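These are my notebook entries on a structure that I looked up feature by feature. I recorded each item in the order in which I examined it.

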Amino acid sequence: FETVVHEVPRPRPDSSELVEAARLINEANTPLIIAGGGVHYSVAEAELQAYASARGIPVVETVAGKSSLLGDDPSYVGPIGVTGCEAANDLAAEADVVIAIGCRLQDFTTGSWTLFTNDNTIFVNINTTRFDAVKHRSVPVVGDAREVLRELDPLTAEYQTAEAWTELASTKKAGFRQYLDAIGTAPAEGDPLSYAHVVRAVNELATEDDICLAAAGGFPGEVNNGWWSKGIGTFDCEYGYSCMGYEIAGGWGASMALRAKRSDGDVFVFVGDGSYLMMNSDLYSSVLTGHPMIVLMCD
């Protein structure tokens with residue numbers, strides 16, 4: 001029963017793959033970074049922020065990659081894909097080099113491959129799994145996200161994105177933010193609240209320590225767009241399998257994780273009436289174990 005510390009292996013990239021990826025990035029005119037769930041798995045958020053910021057490369061996030069950057073980070077534009085925003089999807093249509101980090105480029109992210117309308121777009125895919133790294137004729141860099149970014153850094157140190165592209169990204173982001181502000185406005189007296197109203201209202205009150213959690217139904221799309229990340233790694237949306245019933249059980253687990261970190265944050269669970277019926281008994285479990293959460297059940 002002695003304490004054993006397990007270190008997760010971090011596979012390093014092949015040098016030739018790294019050099020080719022760096023060449024493509026250095027020649028890019030309109031580059032775009034897609035931050036996927038692998039950024040979180042690798043704990044590469046700081047490296048992503050530093051890499052994008054130093055070069056002025058816009059960053060968009062998948063559902064699994066959301067909260068890799070803060071919502072007000074200058075590099076961040078918005079969520080990409082089917083449940084994404086117009087700003088991010090517009091940039092995807094114009095990008096000539098797309099750097100996918102820990103992203104599988106699956107249908108929800110690519111809009112069933114309708115988002116990338118530039119026929120000359122080149123994909124550089126950083127992934128620990130070669131199967132995902134070579135998807136859609138990508139130039140693969142097989143390796144851990146954090147280590148790849150660290151090794152790419154000196155090879156692309158002189159690169160700087162064209163000012164017109166970064167300005168376009170900023171303009172698109174500002175439009176997205178105005179859209180969120182508009183839908184966050186309280187409805188007229190007598191009109192029902194929408195999911196969007198609820199998400200924006202809670203987000204306004206949330207702190208950097210709070211966690212947003214959702215899973216099935218209409219909420220994944222609403223939180224993916226409407227939740228403006230105030231803290232890194234504070235978003236959990238189990239939408240890979242659209243698991244109805246995950247929300248309250250997942251919220252209980254998230255509350256355990258917060259307490260283990262000795263955080264004073266709250267867990268906000270957004271759940272529809274159907275999912276609520278499936279695992280609502282874990283409310284009782286959370287009370288018994290002393291792991292509080294705030295559940296917002298919307299019909």
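**Entry 1: a residue in a loop.** I began with M244, which I found in the loop between β8 (235-237) and α11 (246-260). I note at the outset that the model is predicted. I then asked how accessible M244 is. M244 has a relative accessible area of 47%, so I entered it as partly exposed, because the range for that class runs from 20% to 50%. I next looked up which residues make a nonpolar surface patch with M244. The partners are L277, M278 and M279, and the patch covers about 420 Å².

**Entry 2: α3 against α7.** I turned to the packing of helices, starting with α3 (residues 45-55) and α7 (residues 145-155). Their axes come within 9 Å and cross at roughly 30°. An angle under 35 degrees counts as roughly parallel, and I therefore described α3 and α7 as roughly parallel to each other. I also recorded the hand of the crossing: α3 passes α7 in a left-handed manner.

**Entry 3: α1 against α7.** Helix α7 also packs with helix α1 (residues 15-26). Here I noted an angle of about 55° and a distance of 10 Å between the axes. I therefore listed α1 and α7 as oblique to each other. Is the crossing of α1 and α7 left-handed or right-handed? I entered it as right-handed.

**Entry 4: a salt bridge to α7.** Before looking at charged residues, I reminded myself that side chains of opposite charge can pair when their charged atoms come close. I found 13 salt bridges in the structure. One of them joins the side chains of R12 and E147, with 3.3 Å from N to O. R12 lies in the segment before α1 and E147 in helix α7, so this pair ties together parts that are 135 residues apart in sequence. I then compared the accessibility of the two partners. R12 is partly exposed at 49%, whereas E147 is buried, with a relative accessible area of 6%.

**Entry 5: the bridge between E27 and R23.** I looked up a further salt bridge, in which the side chains of E27 and R23 meet at 3.1 Å, N to O. R23 has a relative accessibility of 37%, and I therefore entered R23 as partly exposed.

**Entry 6: a bridge within α8.** I next examined D181 and R177, whose side chains meet in a salt bridge at 3.5 Å, N to O. Where do D181 and R177 lie? Both are in helix α8, 4 residues apart, which is about one turn of the helix. D181 counts as partly exposed at 42% relative accessibility, and R177 likewise counts as partly exposed, at 26%. I then noted that salt bridges sharing partners join R12, E47, R146, E147 and R150 into one network.

**Entry 7: the position of I183.** My last item was I183, which lies in helix α8 (residues 163-183). I recorded a relative accessible area of 22% for I183, which makes this residue partly exposed. The boundary for buried is under 20%. Finally, I asked how many residues separate I183 from A93 in sequence. The answer is 90 residues, and the two lie 25 Å apart in space, C-alpha to C-alpha.

Note on methods:
Residues are numbered from 1 along each chain as its sequence is written. This is a predicted model: local features need pLDDT of at least 70, side-chain atom pairs count only at pLDDT 80 or more; totals for chains, interfaces and linings use all residues. Side-chain values use heavy atoms; hydrogens and water are left out. Patches are made of residues with over 30% relative accessible area and no salt bridge: like charges are joined within 9 Å, nonpolar side chains (Val, Leu, Ile, Met, Phe, Trp, Tyr) within 5 Å. Accessible areas come from the Shrake-Rupley method with a 1.4 Å probe; for residues, only the protein chains shown count as cover. A salt bridge is a side-chain nitrogen of Lys or Arg within 4 Å of a carboxyl oxygen of Asp or Glu. Helices (H or I, at least four residues) and strands (E, at least two) are DSSP runs, numbered from the N terminus. Buried means under 20% relative accessible area, exposed over 50%, partly exposed in between (1.4 Å probe, protein chains only). Axes are lines fitted to C-alpha atoms, for helices over the stretch in contact, and angles run from 0 to 180 degrees between N-to-C directions. Angles under 35 degrees count as roughly parallel, over 145 as roughly antiparallel, 65 to 115 as roughly perpendicular and the rest as oblique. A crossing is left-handed if the near helix is turned anticlockwise from the far one by less than a right angle, and right-handed if clockwise.
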